[in-house]
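Work through the exercises below with the sequence and coordinates open. Each task is followed by a solution in short steps.

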Amino acid sequence: MAFEFVRYDGAIASLEVDLLVLGVAQGEGFASGAAADVDAAFGGGLKALAAEESFEGKEGQSLLVHTFSRISAKRVLFLGLGKTDPQSGRLLGALAGRRARDLDVRTLAVAGSTLSGSAGLGVTLGFYRYDQWKTEGVKAKKLERIYLVGLDAPSVEHVAVAEGVALARDLVNGPPVSITPEKLASTAVELASAHGLECTIFDKAALEAKGMALLLAVSAGSDREPRLIHLTWRPAGATDATPAIALVGKGLTFDAGGLNLKPAGSIEDMKMDMAGGAAVLGAMRAIAAVKPNIIVHGIVPSSENLLGASAYKLGDVFKSYLGKTVEIMNTDAEGRLILADALAYANEQKPREIVDLATLTGAICVALGNDRAGIFGNDDGTIAAVEAAGAAAGELYWKMPLDHSLWKQMKSDVADMKNVGKRWGGAITGALFLNQFIGKTPWVHLDIAGPAWAEANDGHVSKGGTGFGVMTLVEYVKRASDRLTAG
Ligand code: BES
Ligand code: MN
Ligand code: ZN
């Protein structure tokens, strides 16, 4: 990270910064805390101004004031936080970080009374912008130092989480000409050597030797070869008895739909179809810093889904890595195919639990909108563990039913199953397909097609690739480490 964090416990009026951001909860007013201290230096003038401008601390409200040297900060920005919750510190930090970027400041201070959550993590998330391909109109990042007034500087873990989210966002935002299966694989190799992870990459020849026919089928229409990426975190002194878990992410670097070509309007953002894989890579980067006491496998099947001369066709039948056969009835239902082989491979690592993340269906967006991911699974305890981790991480989920009664839609006349059902319940039949390749291992499937991509900045969420899932996965792994090694 280019900037440093400093905890500040001195007098707020003498803090010399370009921008002082004061978080104000709804109804909190200027009676106490940092806001009151600053207002005192203005002889009560800020309180009067806030009343005049109807600034009540509602979420989204803000008030920017030049201080004319009444205090040492050059400018004060009051930010409304709405009703405070466990993530208010992160929200304040994110809003402050985004303003610091827009206002091009060198030094920033963030203050707010009784905030929980990491403001420092928020600043980094809010400061993020994807501009590496801009050659014009981009100013150098000036931010050097952030004072957190009465708030802890981010821990090593929080810094690593912020880096993991930024990595996932960069990969999702990156153009598909550069973020290819090969590039995801080389990114994983670099992560491994920089942060002490193990890494194995299966290229096309290795996938053929292993018999990963579904992953190979999806990639057949492209000149870019597929990869299966396998990162492993292994704690010091791990033995065969050390519990393991597996994180599996869909790494479809461009989804044109294949021969079932998507219509214009549905293809434009399909570079984001590797967001599940990006979240797994970002989480593995953070997990290397968290150093849990369990083994963590990070597995990403990666391919393009195009429509070249060798593309897979409707009516084609392939024998999956697990051995079950699949009849292709829609080449645009490709995520479940590459995941099927990856989940069977993940299961071979003998994990206690498997969590997969995938931008799997448009149907989940119809059901839940774009802010929430759907949770499916075969085990209520593991579902509850992921839900709890998601809530603690401040990412939104909703539990969906794995209705086995819908499986009849997926029956094939010639193979063990088709890869699509009917239209209704499309997110559920997608999950049911994955379930065919899991066996009895406790498993959770997160359909992140909605929240992986955002149309606008919103709190800690950045426009474009959001890095959704990284924070949930890290929290889940920390808890799984405690849970699986207890007693
Ligand atoms: N990658 C898409 C799902 C998707 C849609 C992600 C919109 C993000 C935004 C997936 O591969 C897909 O095409 N799913 C099909 C499934 C259908 C053919 C059963 C879909 O949702 O239409
Ligand atoms: Mn598709
Ligand atoms: Zn897809």
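**Exercise 1. Classify threonine 441 as buried or exposed, then place it in the fold.**

Solution. The model is predicted. Step one: take the relative accessibility of threonine 441, which is 13%. Step two: apply the cut-off. Buried means under 20% relative accessible area. Threonine 441 therefore counts as buried, at 13%.
Step three: locate the residue. Threonine 441 sits in the loop between helix H13 (426–435) and strand E18 (443–447).
Step four: list its contacts, leaving out residues up to four places away in sequence. Threonine 441 touches Asn347, Pro351, Arg352, Glu353, Ile354 and Asn378.

**Exercise 2. Find how many residues of E18 are buried, and name its pairing partners.**

Solution. Step one: count. Five of the five residues of E18 are buried. Step two: split them by face. Trp443, His445 and Asp447 lie on one side, and Val444 and Leu446 on the other. Both faces are covered.
Step three: go to the partners. Strand E14 (residues 353–358) pairs with E18 in the parallel sense, over five bridges. Within this pair, isoleucine 354 has tryptophan 443 as its bridge partner.
Strand E15 (residues 373–377) runs antiparallel to E18, joined by four bridges. Here glycine 377 is bridged to valine 444.

**Exercise 3. Write the strand order of the open six-stranded sheet and identify its edge strands.**

Solution. Step one: read the order, E1-E6-E5-E2-E4-E3. The pairing is mixed. Step two: find the edges. Strand E1 (4–8) and strand E3 (62–66) each pair on one side only. Step three: give the twist. Neighbouring strands of this sheet are turned by 20 degrees against each other on average, direction ignored.
Step four: inspect one pair. E1 and strand E6 (residues 145–149) run parallel and are joined by five bridges. Arginine 7 has leucine 148 in E6 as its bridge partner.
Step five: add the helix. Helix H1 (residues 33–41) lies across strand E2 (19–25), strand E4 (75–82) and strand E5 (107–112). H1 runs at about 125 degrees to E2.

**Exercise 4. Compare three salt bridges by N to O distance and by burial.**

Solution. The structure holds 21 salt bridges. Take three of them in turn.
First pair: aspartate 9 and arginine 7 meet at 2.9 Å, N to O. Aspartate 9 is exposed, because its relative accessible area is 57%. Arginine 7 counts as partly exposed, at 37%.
Second pair: arginine 101 and aspartate 131 have their closest N and O atoms 2.9 Å apart. This pair links distant parts of the chain, 30 residues apart. Arginine 101 is in helix H3 (residues 88–103), and aspartate 131 is in the loop between helix H4 (119–127) and E6. Both arginine 101 and aspartate 131 are buried.
Third pair: lysine 262 and aspartate 255 have their closest N and O atoms 3.8 Å apart. Lysine 262 and aspartate 255 are both buried.
Last step: look for shared partners. Arg7, Asp9 and Asp152 are joined into one network by salt bridges.

**Exercise 5. Which residues form a nonpolar patch on the surface with Leu307?**

Solution. Step one: name the members. Leu259 and Leu261 join Leu307 in the patch. Step two: state the area. Together the three have about 270 Å² accessible. Step three: check leucine 307. Leucine 307 lies in the loop between strand E11 (295–305) and strand E12 (317–319). Its relative accessibility is 38%, so leucine 307 counts as partly exposed.

How values were computed:
Residues numbered from 1 in each chain as written. Chains lettered and ligands numbered in written order. Predicted model: local features only at pLDDT ≥ 70, side-chain atom pairs only at ≥ 80, totals over all residues. Heavy atoms only, no water. Patch = residues over 30% accessible without salt bridge, like charges linked within 9 Å, V, L, I, M, F, W, Y side chains within 5 Å. Areas by Shrake-Rupley, 256 points an atom, 1.4 Å probe, with all protein chains shown as cover. Salt bridge = Lys/Arg side-chain N within 4 Å of Asp/Glu carboxyl O. Helix = DSSP H or I, 4+ residues; strand = E, 2+ residues; numbered from the N terminus. Buried < 20%, exposed > 50% of the residue type's maximum accessible area, 1.4 Å probe, protein only. Pairing = 2+ DSSP bridges. Axes fitted to C-alpha atoms, helices over the stretch in contact; angles between N-to-C directions. Contact = heavy atoms within 4.5 Å.
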